[in-house]
Amino acid sequence: MSAKPKLYYFNGRGKMESIRWLLAAAGVEFEEEFLESRDQYEKLLQGGSLLFQQVPMVEIDGMRMVQTRAILSYIAAKYNLYGKDLKERALIDMYVGGTDDLMGFIMMFPFLSAEDKEKQHALIVERATSRYFPVYEKVLKDHGQDFLVGNNFSWADVHLLEAILMVEEKKSDVLSGFPQLQAFKARISSIPAIKKFLEPGSQRKPVPDDKYVETVRRVLRMYYDLKAN
């Protein structure tokens, strides 16, 4: 296996994007192998690399890891982005879980029909502004610190910034009523490793396009539209 982590996924965001974000935040260089054909996917299946027959899959430290949350937890712990004790880890898990729920609404968006996209767009903005962003706004205001947990940069901060930017792609002024989150976004974006990842030419992936959707459908044999819920 490569000395660098190696990521197996499509050439697009999906569930792998948060893994890219976290590795980048930790200053870790990584390699990628993009799935472009059904044959590539079946080769991984036949080789036993995909424990639950799913990607993402990451080769790291002599392991072939699957399940996104397990991969993220391992990276966060390995690179000291997972709090200093059990209580901080519980808070990080809780905040990451919230942002993960929000990002799930956005992740399915490219696969929807035009009619469902309109409904999903409204749902994304409504959930962000009424259910999720108010929580993080209050957390930051109440403790008056720069980061979400323990006044130290953590996985929770990385995940929240990723979610904020994803929602802003749907509604650019979505943070207009959240001054704490505006300041948070500016702070986290200026961290050197994050700033580098946000620059053109990085391994950060663009908004999913039709080519990405078609590739995912072909490789995974998804011949149906995902429905909003």
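In this predicted model, arginine 38 and glutamate 42 sit together in helix α2, four residues apart and so about one turn of the helix from each other. Their side chains meet in a salt bridge, with N and O 3.1 Å apart. Glutamate 42 is not fully tucked away: with a relative accessible area of 23%, this residue is partly exposed. Helix α5 has a pair with a matching layout, in that lysine 119 and glutamate 115 are again four residues apart, about one turn of the helix. Here the closest N and O atoms of the salt bridge are 3.7 Å apart, and glutamate 115 counts as exposed, at 54% relative accessibility.

Another salt bridge reaches between helices. The side chains of lysine 185 and glutamate 168 come together with an N to O distance of 2.8 Å. This pair links distant parts of the chain, with lysine 185 in helix α7 (residues 179-189) and glutamate 168 in helix α6, 17 residues apart. The two partners differ in burial: lysine 185 is partly exposed at 25% relative accessibility, while glutamate 168 is buried, with a value of 16%. There is also a network of salt bridges, made up of Glu17, Arg20, Glu32 and Lys205. The full count for the model comes to 20 salt bridges.

Aspartate 157 goes without such a partner. This residue belongs to helix α6, which spans residues 155-168. Aspartate 157 is buried and has no salt bridge, and the nearest side chain of opposite charge, that of arginine 187, is 7.3 Å away. Because a salt bridge calls for a nitrogen and a carboxyl oxygen within 4 Å, that distance rules the pair out. What the side chain of aspartate 157 does have is a polar atom 2.9 Å from the backbone nitrogen of leucine 148. Beyond residues up to four places away in sequence, aspartate 157 touches Phe147, Leu148, Asn152, Phe184 and Ile188.

Just ahead of that helix, in the loop between α5 (114-143) and α6, comes asparagine 151. Its phi is positive, about 50°, although the residue is not a glycine. Most residues other than glycine have a negative phi, and most peptide bonds are trans. Asparagine 151 is partly exposed, with a relative accessible area of 34%. Glutamine 67 also has a positive phi, near 70°, and lies in the loop between β4 (63-66) and α3 (68-78). At 38% relative accessibility, glutamine 67 is partly exposed as well. As for peptide bonds, the one from valine 55 to proline 56 is cis, with omega near 15°; proline 56 is found in the loop between α2 and β3 (57-60).

Turning to the strands, β1 and β2 run parallel and are joined by four bridges. Leucine 7 stands opposite glutamate 32 of β2. In a regular strand, side chains alternate between the two faces of the sheet. In β1, Lys6 and Tyr8 point one way and Leu7 and Tyr9 the other, and all are buried. The loop between α1 (17-25) and β2 (31-34) holds valine 28, which is buried at 13% relative accessible area. Apart from neighbours within four places in sequence, valine 28 is in contact with Pro5, Leu23 and Tyr79. Valine 28 and leucine 198 are 170 residues apart in sequence, yet their C-alpha atoms are 15 Å apart in space.

Helix α9 (residues 210-220) has Tyr212, Val213, Thr215, Val216, Arg217 and Val219 buried, and its buried residues pack against β1 (6-9) and α2 (38-46). At the start of α9, a side-chain oxygen of aspartate 209 comes within 3.2 Å of the backbone nitrogen of lysine 211. After the helix comes arginine 221, with a positive phi near 55°.

UniProt, in an unreviewed entry, places "domain: GST N-terminal" at residues 3-83. Over that span the chain is 36% helix and 20% strand, with the end C-alpha atoms 26 Å apart. The "domain: GST C-terminal" annotation, also from an unreviewed UniProt entry, covers residues 85-209. Residues 85-209 are 67% helix and 0% strand, and their end C-alpha atoms lie 41 Å apart.

Conventions. Residues numbered from 1 in each chain as written. Predicted model: local features only at pLDDT ≥ 70, side-chain atom pairs only at ≥ 80, totals over all residues. Heavy atoms only, no water. Helix = DSSP H or I, 4+ residues; strand = E, 2+ residues; numbered from the N terminus. Buried < 20%, exposed > 50% of the residue type's maximum accessible area, 1.4 Å probe, protein only. Lys, Arg positive; Asp, Glu negative; His and termini not counted. Polar contact = N/O pair within 3.5 Å; in protein donor to acceptor, adjacent residues only side chain to side chain. Contact = heavy atoms within 4.5 Å. UniProt positions renumbered as here; feature names shortened; annotations may be inferred. Pairing = 2+ DSSP bridges.
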